[in-house]
Amino acid sequence: MSGNVDLKNIQGDIWPGIPKKFETHVFFNIADAQKFKLALALLVPFVTTGQDVTGHRQKILEVKQTAAAVGQPAPLVPLSTLTIAFSQFALNKLGIKDNIGDAVYQAGQKADAQNLGDKGTTGTTGFLPAWDAPFLQPIDGLIIVAGDSQLSIDAKLVQAKLTLGFGLITKEVFSITGNVRPGDEKGHEHFGFLDGISNPAINNLDTSPLPGQESIRQGFLFLGREGDDTTRPSWAIDGSILAFRFLGQHVPEFNKFLEDNPIPEVVDRKKGSEFLGARLVGRWKSGAPLDLAPTEDDPDLGKDPQRNNDFKYTFPGDFDTQDRCPFGAHVRKTNPRNDLEQLGVSLEKFKILRRGIPYGPEVGKDEEAEHKTKKDRGLLFRCYQSHLVNGFQFLQKSWANTPTFPPKNGVTPGFDPIIGQTNDTKNRSITGTDPNNQTATLALIDEWVLSKGGEYFFVPSIPALKSTFAAHL
Ligand code: N7H
């Protein structure tokens, strides 16, 4: 199908993405399908659309401009939003029998866990991932409430739970709140790196892409739109598939590894450790990409959206050497840019739109001193795409977990040091972290990101919520 999505019809978390400080995820099961459909009909008017979020973003911009004009810091604009998503288990319960056209979604993430490289055990009933208990049972749906403050989202959540009859019609399985990190760490994930920089632009929606930002056809994000060649049921159009991953991060242990393995020949040990961190991620903590800032951090570049994503690994030597950026660095593994384009491979179908948020407290002094994680923290990772097999699943399995990717003559890049994993061994390594000794292998003795659970959800359009998911009142 050609044509463009109508912002009134899509959920705003997919596009343009919700500006948020706090975000609660409530995973639920449907206890009474008939009553749930009636309750959902009452909730649909409160689901946040793309048009709603466009309005919020405009308001935030205006408030910022007004504050800047008088030299004042901009106040936060009150905001609370609601997103709702359903797993295949929910479709079954609600009697929605059509084949959505994504076998990975239909089987569910628990069935995919071994394939994704998650830890676990194999018994008589097959592979059991070492996930947190709530994710080991079927989960029907997910409500995401996001906003500017805990207070705003709490009020929205109470309203949503009352409407859906939580406790009777709908049962809560698990709930977790993420928040933007405090002070200067705003926008940085728990290892300390600026996140949320590189996402694809969507044709005819992001009308002025940032320098370096690649545009994809709408069908690679929304089912049934241009570029999506799969047969879909008519109600699935303008929905998107959400991969949720509950990812714990061992921050003190990661920092200790950097401390113990500084890149040699750098002015001092501390800078050598920072350099190793940047070589593992492919960007400095400031966000500055190694491809543009290969030897030292450039904080002005890091925070400048006009420049911080404007690179493709096309500098002389980039394709064959790891002088500027290791082939296995996290951002190069998950978006290899020219490494594949030079081989004639288009990256369009491998694009995902990331919408995550950190969770858990800041690292405590005791954890820092003992180099040991004592409190749970990490990333509530979410990404959207129209096909999991080319999107999240492919990036995790065929790129991050595959040491020979990206393909390079005579060099094995190694695992993605941040998210690459194997089911039950800790036998991970990477090459090229030391620019002066690029064939040396660095053993990644620990895994610092641990999968604690997840599920694949479908995020329906507003018309689909009304016509197919909810009862007709
Ligand atoms: Fe990643 N990190 O802090 O190291 N990621 N990521 N990610 N990630 C990115 O460009 C991180 C995860 C992608 O276009 C940045 O926005 C952490 C999963 C993709 O150049 C940083 C975790 C998957 C990109 C991190 C985590 C991806 C990307 C740079 C888990 C998919 C864009 C900031 C706890 C399977 C690459 C930015 C590009 C960027 C980190 C998870 C994918 C700093 C800590 C599970 C596609």
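On a 1 Å grid over the protein atoms alone, a cavity is a set of points where a 1.4 Å probe fits but cannot get out, whereas a pocket is an open set with protein on both sides within 12 Å along at least five of seven lines; a residue lines either one if it has an atom within 4 Å of a point. Grid points are joined across faces, edges and corners, and a volume is the space filled by probe spheres set on the points.

This is a predicted model, in which local features need pLDDT of at least 70 and side-chain atom pairs count only at pLDDT 80 or more, while totals for chains, interfaces and linings use all residues. Residues are numbered from 1 along each chain as its sequence is written, and side-chain values use heavy atoms, with hydrogens and water left out.

**Cavities and pocket**

The count comes to 2 cavities of 30 Å³ or more. The largest cavity has a volume of about 40 Å³. Its lining consists of Arg245, Leu247, Gln396, Ile419, Gln421, Val449, Leu450 and Ser451. Two elements, S9 and S15, give two or more residues each to this lining, and S15 has the largest share with 3 residues. Helices (H or I, at least four residues) and strands (E, at least two) are DSSP runs, numbered from the N terminus.

The second largest cavity has a volume of about 30 Å³. Phe220, Lys349, Gln385, Ser386, His387 and Asn390 line the second largest cavity.

Among the pockets, the second largest has a volume of about 400 Å³. It is lined by 18 residues, and those closest to its centre are Asn255, Leu258, Ser273, Glu274 and Lys285. Helix H6 (251–260) and helix H7 (269–281) each supply at least two residues of this lining.

The table gives the make-up of these linings and of the shell around the ligand by residue class. Ala, Val, Leu, Ile, Met, Phe, Trp, Tyr, Cys and Pro count as nonpolar, Asp, Glu, Lys and Arg as charged, and the others, Gly among them, as polar.

| Site | Nonpolar | Polar | Charged |
|---|---|---|---|
| Shell around the ligand | 14 residues | 6 residues | 5 residues |
| Lining of the second largest pocket | 6 residues | 4 residues | 8 residues |
| Lining of the largest cavity | 4 residues | 3 residues | 1 residue |
| Lining of the second largest cavity | 1 residue | 4 residues | 1 residue |

**Ligand site**

The ligand is surrounded by 25 residues, of which Ile197, Ser198, His330, Arg337 and Arg354 are the closest. A residue is near a molecule if one of its heavy atoms lies within 4 Å of it. Strand S9 (240–249), helix H9 (330–334), strand S12 (378–385) and helix H12 (392–400) each contribute at least two residues to the shell. H9 gives the most, with 3 residues.

His330 is located in helix H9. The NE2 atom of His330 is the single protein donor to the iron atom of the ligand, at 2.1 Å. Donors are N, O and S atoms within 2.8 Å of the metal (3.2 Å for Na, K and Ca); water is not among the atoms, so sites may look incomplete.

Polar contacts are pairs of N or O atoms within 3.5 Å; within protein, one must be able to donate a hydrogen and the other to accept it, and residues adjacent in sequence count only if both atoms are side-chain atoms. An N or O atom in the side chain of Asn335 is 2.8 Å from an oxygen atom of the ligand. A polar backbone atom of Gly196 lies 3.1 Å from a ligand oxygen atom, and a polar side-chain atom of Glu189 lies 3.2 Å from an oxygen atom of the ligand.

**Aromatic pairs**

Rings of Phe, Tyr and Trp (its six-membered ring) pair if their centres lie within 6.5 Å; planes under 30 degrees apart count as stacked, over 60 as edge-to-face and the rest as tilted. The model has 28 aromatic pairs by this rule. One of them, Phe458 with Phe469, is stacked, at 6.4 Å centre to centre and 20 degrees between the planes. Phe458 lies in strand S15 (residues 449–459) and Phe469 in helix H13 (residues 462–469), so the pair ties together parts that are 11 residues apart in sequence.

**Backbone geometry**

The peptide bond from Trp15 to Pro16 is cis, with omega near 10 degrees; Pro16 sits in the segment before strand S1 (22–30). Phe405 and Pro406 are also joined by a cis peptide bond, with omega about -5 degrees, and Pro406 is in the loop between H12 and strand S13 (428–431). Asn204, although not a glycine, has a positive phi of about 65 degrees. Asn204 belongs to the loop between strand S7 (201–202) and strand S8 (215–216).
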